[in-house]
Amino acid sequence: MLCNRGVLDEGTETTMKIGELARLAGSNAETIRYYEREGLLPKACRSESNYRIYTDAHLERLIFIKHCRNLDITLCEIRTLLRFKASPEENCGEVNRLLDEHIEHVARRIGELRELERQLRDLRGCCPDGRQAASCGILEGLSQPSLENASENHVPGAHASFTNNTDKH
């Protein structure tokens, strides 16, 4: 398949429309369009009737992106990984560092979630049985100012050190 100025020239490569690509990748059309807009997926060629036409290369990349997202890898980090995937001769030390930072981030989030679970269990212990809402220990506990600053304990979703040090495209 050749793509001249975004228009598909029929060839022998397997092609599919967006619905088929979405089905094969376990995704949806809106997500595919979003990844195209973000530059993670190459723009699709167009058929003579102006349908987006995708190839097996799009499917392979979409599966890669989906796997990364399932691992909670950010779009910026995926761009970095795709850059290395497109340059197989480069040293993958930066890929290793990216994953090491992601593992640390996940470990911090797990710790944060354990603390959240402890706080919720403590709160649940304030009301061991069903009673009137006026004397509910949980509602009373939620009405008290917290001694802990939740925003300081929260680990943000993005990996700040990596997000600021990598290309945005």
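I will talk through one helix, three backbone positions and one surface patch in this structure.

Please keep in mind that this is a predicted model, in which local features need pLDDT of at least 70, side-chain atom pairs count only at pLDDT 80 or more, and totals for chains, interfaces and linings use all residues. Residues are numbered from 1 along each chain as its sequence is written, and side-chain values use heavy atoms, with hydrogens and water left out.

Let me start with helix α1, residues 18-25 (helices are DSSP runs of H or I with at least four residues, strands runs of E with at least two, numbered from the N terminus). Ile-18, Leu-21, Ala-22 and Ala-25 of this helix are buried, where buried means under 20% relative accessible area, exposed over 50%, and partly exposed in between, with a 1.4 Å probe and protein chains only. Seen down the axis of α1, these buried residues fall within an arc of 100 degrees, so they line one face of the helix; the arc is that of the directions from the helix axis to the C-beta atoms. Their cover includes β3 (15-16), α2 (29-37), β5 (52-55) and α3 (56-70), with contact meaning heavy atoms within 4.5 Å.

Turning to the backbone, α1 is followed by Gly-26, with a positive phi near 70 degrees. Asn-50, which is not a glycine, has a positive phi of about 75 degrees, and is found in the loop between β4 (45-46) and β5. Asp-72, in the loop between α3 and α4 (75-85), also has a positive phi, near 65 degrees.

Finally, Leu-116, found in helix α5 (residues 93-124), is partly exposed at 42% relative accessible area.

Key: Patches are made of residues with over 30% relative accessible area and no salt bridge: like charges are joined within 9 Å, nonpolar side chains (Val, Leu, Ile, Met, Phe, Trp, Tyr) within 5 Å. Accessible areas come from the Shrake-Rupley method with a 1.4 Å probe; for residues, only the protein chains shown count as cover. A salt bridge is a side-chain nitrogen of Lys or Arg within 4 Å of a carboxyl oxygen of Asp or Glu.
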